[in-house]
Each structure stands twice: as structure tokens, then as C-alpha cells.
Amino acid sequence: MDHKRLDKVLKTQKYIMDMRPIFNMEALFSDQTKYYMDPIEPEPGEKVTIRFRAAKNNIDVVFFISGAVRQAMEYEKTEGKFDYYKTEIEVGTEPIYYYFEIRAGKLRLFYNKKGISRNLQNYYAFTIAPGFKTPDWAKGAVMYQIFVDRFYNGDKTNDVVDDEYFYIGGKTKKIENWDQYPATSMAIREFYGGDLQGVMDKLDYLQDLGVDVIYLNPIFVSPSNHKYDIQDYDYVDPHYGKIVKDGGRTLESWDHDNRHATKYIQRVTNKENLEASNQLFIKLVEEIHKRGMKIILDGVFNHCGSFNKWLDRERIYEKEEGYEKGAYVAHDSPYRSFFKFNNEHEWPYNPFYDGWWGHDTLPKLVYENSPKLVDYIMEIGRKWVSPPFNADGWRLDVAADLGFSNEYNHKFWKQFRKVVKEANPNAIILAEHYGDAGSWLKGDEWDTVMNYDAFMEPLTWFFTGMEKHSDNFREDMLGNAQSFVDAMTYHMSNFLTPSLQTAMNELSNHDHSRFLTRTNHMVGRVEGLGNEAAAQNVSKPVMREAVVMQMTWPGAPTIYYGDEAGLCGFTDPDNRRTYPWGREDKELIRFHKEMILIHKMYPVFTHGSIKILTAEYNCLSYGRFSFEEQMAVAFNNNREEKRLSIPVWQIGVGEEDQMVRLMITDEEGFSTKAEIFEVEKGYVSLTLPPFSAVVLKKIKKTEN
């Protein structure tokens, strides 16, 4: 068949239920969920069954191709409108790459992670990584991210006080009004008093919401409220933990020298305070685990902070008992090799060291020349996921930046994975990363990533037309379903399935504008627009659409604290507003509870296959399906109602079935009241109101 004829078939062929087509393209399917690859996480030497689906009596042969192996797959069975083919392979220790070749008459096509193609695309081959496992508890888990200082103040005795110390051009400030907006500049020195006791106090709320996993932004000793400038990796910051030995004085109005900040020095260097804070963390983890929940810590290992005891630029450890001299202080410091100094003639007090992106408050850690530093950080990675602390994993800050070469970066993370997994095989290793993370997701480094490319960004463009910082609005991207499908398909192909199922799927986080704010299409940041603008003309119906997708798309849906309560905010620092206790949007919380319940009630949403069913301007539908369950999810992001005809036959819904609605959300609110939809010739037809989403479940007609 010539290419013009083939293109015509690919573009125009539609499945007609009452007659056999020449070739049914939409019926072809395989992925690496349990039915199509079993087991999905094989050990070396284990046998794996691979399956492929086609329309009944529609193809001549399907070949399994892996390297030099090209074997015809065995017909297994027919169920409904589909034939299933299988083959069995034995895996070794090396990754296996495979794809399929389909023959129907003179037609020859290939099938890989991106779907059907005319030309072979090895790059998108399915991948088996023997021995690679991600924790079962993390697959599809509902996560909740907490920026600790802004969540809840459970212990006012540990609050940072005014003028406690000097940092980046100013002194600390305690914000007394919990509902006050964060400052628009240098907000890192403002503290609201949130702490670990506050997290403990709100565990009932989080459990009632349906949270499985709590992810905490950094909690270790640090001078900022964000704590990505670690001062001491060995201890929880007493301002988040416990201060049992207080005293000393704050800085005078004229004084910027932290050697005189004796109150701060006492609080963060006194071992009684540090040990008491670690004990509080142990207690928090125990309470979380009692509820069947997990906790993830934030690991900042690319850089530390200028206050760090290894550097001690502020000289707060210089005269404290039990601490070695910092590398800033003394040339013969045991930590000298931890940093890159550019002037060897400046000691004592050498300020010429490399900072991450040039920031002298974020000294870059130099692993390549310091085995001692490597050992120290490996011990930190092990320590916090082991008894008595028992955290359930690490989120890794700017993980791709660690080290001074790509080669060393991969070497480090391979070693880190080995150390952490030996200490706690069920710990997750989840990295912050923008762009293709495929080279780190081969089974021997990270488990997964914060899912910007294959979730947050495509979703945000489709529903809002906004860039994730609210820095740009593109009308051509708003409602662009084909762009959404292409982006999701492309970026999801870079994941191993266990990585995709555990990927952190967020609408918002501490680095980007709040999703609800993005729905107002207002371009800019808080410095230019003001805090109030973030909540103007927002669309809760669009927000609810996004939550429906978040709870029904493959991955671990992750709520940024307060999103569920209607919190707004432009990008950092405005996105770090305090949780609105007493001012919550209770209807939005109730909606989150209902969607979380649906997500957790049906395993197909955590472990099932996904297939796009329809994609047109501002309208989209997809199926989540397994042999046990079949769901369809549809969206109308238009200002007017739309009639959709959804080809549910593609996910295994037959004429003997009906679809029952589990959820509808639109401009009027939301409802879980059941409504039955008939299946006619493999399609479900329904009218969707403006800015709406529905979740449909297959049932047998006899069930109704």
C-alpha cells in the first residue's frame, strides 16, 4: 500500500459497530499496566507476560520486537469486541526495549509508547527495567504538600521573634496577624509561626480529607522561612520543633552582626533544643503512621546555606562548644573540601566561595573532591528514613543540578538510591525536575519526579491558557485539546510505568502561582498587581474541572496546602499565604473530599490504563480501564453547553452495559447523584453544561 493510501486509512478510518472495517486503528492497544505486562516490576530472571489488543478478527498477526528478537505473538482469547495476543519473555539484569508490529493484509504499522506509527520509532519503545520497584503505597497516593511556616501554629513558644537575627539585608520579623499577606519583597525573613506541632494538631483534618501522604517542605535548621538554605542537616529546626533552653538577646537596631544574636545562637546550636526537636519529629511520624499515612521529607543536597555549620559565614558556631571550625572561618577546617574557594589567600574568613547561581547565601556543595561530604550526605539520606525517625522518603530539591558534571550527578544519585533503599526499601525517592527526566528514570536513580511536563503544564494550558507562574496568557493554548494530548503523550512516554504511577501530580506548589488564581487569566506578579488581584474573577468551576482531572489521571494527586480551601496567590512569595483557618471555602473542601473518595474507591484510577477518547476545542474525554473496571471522564471547558458522543467501546464498554454518573461539576456546583446513560453502538452521548466535568462508570444493565 502506498503512503497516500496509508495516510488516508490512518486519518479517516472509523470503527462502525455493525460492520467489520478494513482496519480498526482505535482498537489497537497495549501499555505496561498489569494486564498488558505482568508483573509490572519484574526481578531479574523472572518471566513476564506481554499482551496486545486488537479488534476482533481484524488483524493477521502482531509481532513482539525486542532488539534482534522478532516473534509472532500467540492468540490468547476474545473478549467482547477485542482479540488479545500474548507472549512470554524472561528478563535478565539489563533493560529490555520492545515495540509491536501489526500486519493486516498489506498494511504494516508499529505500536510503541506514543501509540500507532507508520515508521519505527525506537526512542519510544516500551521499557522493562528488571529489579526496579517503586513503593506500592505511593502508586496513586493522595499527597498533601505543607509549607510548614504557613500551615498552622501549634506552639507559640518556638516562634521566631522580631530582630532575632540578620539575614539578606534585614532582620527577622514575627507576623502577628495570621491572615496578613506575605510581603512582596524579602519575605523570607517573615515568620508566621507554623510548626510541626501545628501539623500534628491538624492530622484529623488531613485524615478526614483523605490524605495518604504528607510532604513537608524543608524542616531542618535554616535561617529562612522556606528553609532551602540548610544550616544543620542533622536536626529539625527548633523553631519548628521544641525550644527547651531559651535565653540570650536579639539584635539591637544598629547591629547586623549575628555573633551578637545570642538568642538565635542558643536556640539553634544548643543540643537540648536540637534533640528535643528531633524527638518531636519522631512523635509526629508515629502519629502519622498510626493513621496509615506516610511522610516525605525535602532533601536539599545541591547546596546548603551560608549559616551552615560546615561553612559558618555568620560565625555563630565559631565559639560554641562541640562544633568544629567552619570552612569560612579557618583554612584547616575539616569541612574545607565541602566548598569551592576561589582565593586561597583570604583566611581567616574567606568570602570567595562558589554559590549556587551566584547566591552567596546558597554555597554550592562540592562532592567530587570530598569523599567525606559524600559520606555525610549519604548518612543523612539513610538516617531520616531509618529508625527512630522512619520518614517514608525524600523529595530532592533541584536534583539535576547536584555536582559539577552530568556524569557525576548520575553517579551520586545511583549511590544515594542504593543507600536509601538498603535502609528502607519502601522509601520513595522523588525529584524536582523540569524537562525530560528520562535519564534519571531508568530504574537505578530516582523513583519518580514532581510531574510538571506530563501533568501541571499541559493541564494548566488547556484549562486556563496560563503559564504556571501567571507570567503569560496564550489564547491559542486555552482549550487546545490536541496540544494537551500531544504534550501528555510525548512526556508520559519518558516514564517507566512505576514512575508514572507515583509521579507527583500537582495543580500548584510553593514555586508557582496558585491554580485558582490562574483561572482569572491575569498576567503578572504580586509586585505589580497587588495581593487582592489574585482572587479577582477567579473561576471555581474551572478549578473543579482541574481537580477532576487530577484525581482521575495516572499518578499521585498532590494538593498544595490550602488549594482545597480556595486559597489564591500569585507566584512566590504570594503563593505561600497562610492556610485560611476559619475562612475556608467549605464547599470546595467538600468537593475535594468527594473526588478523593472516588479516586481511592476505584483501583482503575491508581493502576489502570488510560486512553484518550475525544479531543476537540475546549472538550476532552478519556477512559481509565482495566478488565475489572471501566471509567470515562469528560470535560467541557466552553462557555456554552456541548453535546459529546464518547466512544466507550474503546475501553471495553459493550451493548449490554450502561454508564452511571459518579460526579458532575459545573457552574452551579457539583453533585454525586447517580444518572444512567445508555450505550448505543459503543457510544455514550451526553450534554455537558458550560465549564463542567463528569465521571462515568460502566455497569451491567442488570445492576440498575
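## Exercises on a predicted model

Thr 49 is buried, with a relative accessible area of 17%. The structure is a predicted model.

**Exercise 1.** Place Thr 49 in its strand and list what Thr 49 touches.

*Solution.*
- Step 1. Find the element: Thr 49 belongs to strand E2, residues 47–55.
- Step 2. Leave out residues up to four places away in sequence; Thr 49 then touches Tyr 36, Met 37, Asp 38, Lys 86, Thr 87 and Glu 88.
- Step 3. Check the burial: the cut-off for buried is under 20% relative accessible area, and Thr 49 has 17%.

**Exercise 2.** Classify Asp 486 as buried, partly exposed or exposed, and locate Asp 486.

*Solution.*
- Step 1. Asp 486 is in helix H9, which covers residues 481–492.
- Step 2. The relative accessible area of Asp 486 is 45%. Buried needs under 20% and exposed needs over 50%, so Asp 486 is partly exposed.
- Step 3. Now take Pro 458. Asp 486 and Pro 458 are separated by 28 residues in sequence, and their C-alpha atoms are 9.2 Å apart.

**Exercise 3.** Describe the aromatic pairs that Tyr 165 forms with Tyr 264 and with Phe 307.

*Solution.*
- Step 1. Start with the total: the whole structure holds 63 aromatic pairs.
- Step 2. Take Tyr 165 and Tyr 264. Their ring centres are 4.0 Å apart and their planes meet at 40 degrees, a tilted pair.
- Step 3. Place the two rings. Tyr 165 is in the loop between strands E11 (143–146) and E12 (166–167), and Tyr 264 is in helix H4 (residues 262–269), so this pair ties together parts 99 residues apart in sequence. Both Tyr 165 and Tyr 264 are buried.
- Step 4. Take Tyr 165 and Phe 307. The centres are 6.1 Å apart and the planes stand at 65 degrees, so the pair is edge-to-face.
- Step 5. Phe 307 lies in the loop between strand E19 (294–299) and helix H6 (371–383), so the pair with Tyr 165 ties together parts 142 residues apart in sequence. Phe 307 is buried, as is Tyr 165.

**Exercise 4.** Find the ring beneath the charged end of Lys 202, then the ring beneath that of Lys 227.

*Solution.*
- Step 1. Lys 202 has its charged end over the ring of Tyr 152, 4.4 Å from the ring centre.
- Step 2. For Lys 227 the ring is that of Tyr 240, with the charged end 4.8 Å from the centre.

**Exercise 5.** Count the disulfides and state the burial of Cys 304 and Cys 619.

*Solution.*
- Step 1. Apply the cut-off: two cysteine sulfur atoms within 2.5 Å. The count is zero disulfides.
- Step 2. Cys 304 is buried at 0% relative accessible area.
- Step 3. Cys 619 is buried at 1%.

How values were computed: Residues are numbered from 1 along each chain as its sequence is written. This is a predicted model: local features need pLDDT of at least 70, side-chain atom pairs count only at pLDDT 80 or more; totals for chains, interfaces and linings use all residues. Side-chain values use heavy atoms; hydrogens and water are left out. Buried means under 20% relative accessible area, exposed over 50%, partly exposed in between (1.4 Å probe, protein chains only). Rings of Phe, Tyr and Trp (its six-membered ring) pair if their centres lie within 6.5 Å; planes under 30 degrees apart count as stacked, over 60 as edge-to-face and the rest as tilted. Helices (H or I, at least four residues) and strands (E, at least two) are DSSP runs, numbered from the N terminus. A charge sits over a ring if NZ of Lys or CZ of Arg is within 6 Å of the ring centre and within 35 degrees of the ring normal. Contact means heavy atoms within 4.5 Å.
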